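Visitor: Could you walk me through this structure?
Guide: Gladly, here it comes.

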Amino acid sequence: MDKNYTPKQMAVKLHISTTTLRRYEDLGLVPDVPRTASNRRYYTPVHVQAFIALRALIKGFDIPVAYEVMSLLKEGRVEQALWIINLHQYNIQAEKQRVEEVMSLIHRADFSRYRNVQVTEEMRIGEVAAIAGVNPSAIRHWEKEGLIRSERSPENGYRVFTPRELKKIIVISSLRKTVYFIESMKEPLAALETQDLTAIERSFQVALLKLNEQLVKQMNGISEMMRYIDSIAK
């Protein structure tokens, strides 16, 4: 006979608080919790797997994604949940390819083109944002933090960026999504300035390692999610 759990027993089993359990329930992330004849709440093995899947998805995909997927599963919208997971799997693969692409870029002496776009000596913020695939507001923030520098066009006073600064922007946009916080970005950028390719490549190897670790967590989350889907299908 399958074992049922009291809230306290479940909290101990999962190493979380009963308050966290209730929050997950209130958010509609797990099946509705039944009650005994004496009106006491209890959890079934399906609930156990739901909580395990939720916690694993949070580690692999972060809270918003995990919450959306579990909400969809509770509503019986399994295919939609799987498509969301598929999208984020694609995103991590795309990020890995981007890191590898930027690793190749830092070794290139010729930086006249990037992703089939012409790189000029003076580019306005909208141009470098489009080339690097970031928002202009992010570039302004990085400049405020002292990570990059712009110049002013003598003709019209607009902020312009050189190819060297564009390369920095591309490096920041890649590393910030994996392992580096803004405050720790100055070291790899200094290595880029001095052409210390060994040091900056080491930064990218760390980024790839983090992406690989995240991929493992995602696959574990998917595995636990599929066990949960199987349990609710029985």
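Visitor: What is the mean pLDDT of the chain?
Guide: This is a predicted model, where local features need pLDDT of at least 70, side-chain atom pairs count only at pLDDT 80 or more, and totals for chains, interfaces and linings use all residues. Residues are numbered from 1 along each chain as its sequence is written, and side-chain values use heavy atoms, leaving out hydrogens and water. pLDDT is the predictor's confidence in each residue, from 0 to 100. Here 97% of the residues reach 70 or more, and the mean is 90.

Visitor: How far apart are the end C-alpha atoms of helix α5?
Guide: Helices (H or I, at least four residues) and strands (E, at least two) are DSSP runs, numbered from the N terminus. The expected span of a helix is 1.5 Å times one less than its number of residues. Helix α5 (residues 78-105) has 28 residues, so it should span 40 Å. That agrees with its end C-alpha atoms, which are 41 Å apart.

Visitor: Which residues does Phe 204 touch?
Guide: Contact means heavy atoms within 4.5 Å. Not counting residues up to four places away in sequence, Phe 204 touches Val 99, Val 102, Met 103, Ile 106, Val 171, Ser 174 and Leu 175.

Visitor: Which strands stand at the edges of the sheet?
Guide: Two strands pair if DSSP finds at least two bridges between them. The open sheet of three strands runs β3-β5-β4, with antiparallel pairing. A single partner strand each leaves one side without a neighbour in the sheet for β3 (123-124) and β4 (151-152).
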